[in-house]
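Student: Could you pick a single part of this model and take me through it closely? I'd like one connected walk-through rather than a list, and a word on how far to trust it.

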Amino acid sequence: MARVSPSDIDRQALNRLRSQVRAYFKMYWYTDWARHSSVFTGYEHIPNKNNFYEDVKDRIDQKLSEKYGLIAASKKSVSIDSVRRFLLETKDSFDDKVLEAFLLLTGSDLTWDEYKVSNLSGERAYRKAGMRRKTLWLGAVFFLITALSAVTLYRLRPHGPAEVYLSTVLIPGSSGIPKVKITYDLKGAQYKSATIFFDHYRLNLMSEKGDTLVGSVLPGKSVAKLYLDDKLVRTIPVLIPSSGWAGSINNKIPLNQETFLKDGELHFRSSDKLKEMYGPEYYTSFLNFREFGVHGDSFSLEAELMNSEATGGLWAYDVSVDIVGTKEDMVFNLLSPDATMYARLSVAETDFSTGVRAGVLPRLGVDLSHWRQLNVSTRNQRFQISLDNEVLVESDYTGEIGEIVGVQFYLKGSGAVRNVSLQPFGEPEKRINL
C-alpha cells in the first residue's frame, strides 16, 4: 500500500532499508555486479545506469520466482522505473510491493509491516547501545557489571514464547463486507511488545488478553499473525467472503458494485481520467469469495471473456483466472499471441513455467477481441482448459486444490466477463451461477 503521508516510522524504516540495499551491493559487487563498474562508489557513478536497473529488476524477478513461483511472482514484480526511483530519488513513500522486492533482494523474507517491527526493535537497540557508549567513561568495572547484569537477565527470561491463544470470528458489516473480530490471550508470556498483523493492519496489543475489531478488509484469503517482540508465534488463516462480486483496481482500490456490474456483465469502463489516476498500466480485478460447496479437484467452471482495445483493455489483453482452494490454487492467463512470453499456468503443486511443461504456454495466446467461451475442469488429478470448445491445455497435476473458496478474474486494463458458473464435475443440477 502506498503511503501518501508516511510516518516517521515509515521514513526510519525506509532509510534503514536503503542503507541495507547499498551495503548489499558493496558486499556482492565484485562477484555479482562488477560488469557494471570495476568498483562500487555509488549508484550515481555507474556508467550505464539503465543496464544496471534492468539487471537489478531481473535479479529481483528471479528471487520472486524462486520464492513464490512464476505465477504469483508476476504480480509482485516491480518496474525498472521503480528500481531507479528507489535507488536514486529522495522520495520517502513507496508502494509496499517495491519495498518488499528490495527486502527480498537483500535476503529478507519479511513483509514491509513486519520489517518495520524489526526496525523499531533495531532503533531501540541502537539507542540503547549509544547510551552505553556514552557511559564507558565511568570505567571498565561499571561496564563489566552492566554486561554481567544483562547476561543474567537474558538467562532468566524464557527462550521462546509461552503458549498463546489467537482466534478470529467474522461479524456482518453494514456495507456488506464483514468485519473481523480477533481474540487473543498471551497467557503470561514474557515480552516487551505484542503486535498482530492482519491484511494491511498493524494492531499493537496493550493488554495481555482481549479482542479487537478490524473492518474494511478486501475479500479473499488472509492470515492473522501474532508477534511477541520480533518473533512470529502464531498464524491463523482467515477467509473474508464477498457479497457477490467484488471489484478493485490493482487488487487495492475497491470499486462499488454498481460501477462494474450491469445485467450480469462485469466491466469497469476505461477512461483517460482512469489512466491518469492509475498510470499507463493497471489491472481490474473481479472476485467472488465464499464457500461454494464445490471441490477444486472435481469441478467445472464456465465464463465468457473479452479483453480488447475497444473494451478499454491494454496491450497483452491479459485475462488471468484464479481458482482459489483451501489447499492450493489453479491459476492461468489467456493473452494476446504476441505476448505469450508472459503466459503462466499452475495447478495445485504442478507449475508449468519451466522445463518440458512450459511447452504448453504458447497455447494460451488467443484472440480475445470478441466474446470467447471459457471452460475449465478438473477430475481424477487431470485438468482441461478449453476456449469455444477447443482444448488449449489438458494435463495431469499433482497435489490438491481442496474446496473452492474463491474465483477471481484479473484483467489488464478494462476487459469484461459475463455468465460465470461453477458446478461439481458432471453434476449440472448443482450448477451455481456466480
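Tutor: Here is a close look at one strand, then at what it pairs with, and then at some other parts of the chain.

First, a word on confidence. This is a predicted model, with a mean pLDDT of 80 over the chain, and 83% of the residues reach 70 or more. The chain has 434 residues, and buried ones make up 46% of them. By secondary structure, you're dealing with nine helices and 23 strands. So there's plenty to choose from, and my pick is strand 3, residues 194-198.

Is strand 3 buried or exposed? Five of its five residues are buried, so the strand is largely enclosed by the rest of the structure. As a rule, side chains in a regular strand alternate between the two faces of the sheet. In strand 3, Ala194, Ile196 and Phe198 point one way, while Thr195 and Phe197 point the other way. The residues pointing in either direction are all buried.

Now for the partners. Strand 3 belongs to an open sheet of four strands, with the order 4-3-6-7 and antiparallel pairing. The edges of that sheet are strand 4 (201-204) and strand 7 (231-240), each of which pairs on one side only. From one strand to the next, the twist averages 15°.

Take the strand 6 side of strand 3. Strand 6 covers residues 220-228, and five bridges join it to strand 3, with the two running antiparallel. If you want to see the register, find threonine 195, whose bridge partner in strand 6 is tyrosine 227. Further along strand 3, phenylalanine 197 stands opposite lysine 225. Thr195 and Phe197 are the two residues that point the other way from Ala194, Ile196 and Phe198.

Then there's strand 4. Strand 3 pairs with strand 4 over four bridges, again in the antiparallel sense. Here the pair to look for is phenylalanine 198 with its bridge partner, tyrosine 201.

What else touches this part of the chain? Phe197 is in contact with valine 117, whose contacts beyond four places in sequence also include Arg202, Asp229 and Asp230. Valine 117 lies in helix 6, residues 112-134. Its relative accessible area is 6%, so valine 117 counts as buried. For a distance to check, its C-alpha atom is 8.0 Å from that of aspartate 229, although 112 residues separate the two along the chain. As for the chain as a whole, 63% of the contacts between residues at least 6 apart in sequence join residues at least 24 apart.

For a second sheet to set beside this one, look at strands 1, 2 and 5. They form an open antiparallel sheet in the order 1-2-5, with strand 1 (165-171) and strand 5 (209-214) at its edges. Neighbouring strands in this sheet are turned against each other by 20° on average, direction ignored. Strand 2, residues 179-185, is joined to strand 5 by six bridges, and valine 180 stands opposite valine 214 there.

The helices have their own packing. Helix 2 (residues 49-68) and helix 5 (residues 96-105) have axes that come within 9 Å and cross at roughly 85°, so helix 2 is roughly perpendicular to helix 5. Helix 2 brings Val56, Arg59, Ile60, Lys63, Leu64 and Lys67 to that contact, and helix 5 brings Ala101, Phe102, Leu104 and Leu105. Those residues divide into seven nonpolar, no polar and three charged.

Helix 2 also packs against helix 4 (residues 80-88), at an angle of about 105° and with the axes 9 Å apart. That makes these two helices roughly perpendicular as well. From helix 2 the residues are Lys49, Phe52, Tyr53, Glu54, Val56 and Lys57, and they meet Ile80, Val83, Arg84, Leu87 and Leu88 in helix 4. This time the split is seven nonpolar, no polar and four charged.

Finally, where should you hold back? Over residues 121-162 the pLDDT stays under 50, and the model has 18 contacts beyond four places in sequence for that stretch. Where pLDDT is low, the predicted coordinates should not be read in detail.

Notes: Residues numbered from 1 in each chain as written. Heavy atoms only, no water. Axes fitted to C-alpha atoms, helices over the stretch in contact; angles between N-to-C directions. Parallel < 35°, antiparallel > 145°, perpendicular 65-115°, else oblique. Contact = heavy atoms within 4.5 Å. Nonpolar A, V, L, I, M, F, W, Y, C, P; charged D, E, K, R; others polar. Pairing = 2+ DSSP bridges. pLDDT = per-residue confidence, 0-100. Buried < 20%, exposed > 50% of the residue type's maximum accessible area, 1.4 Å probe, protein only.
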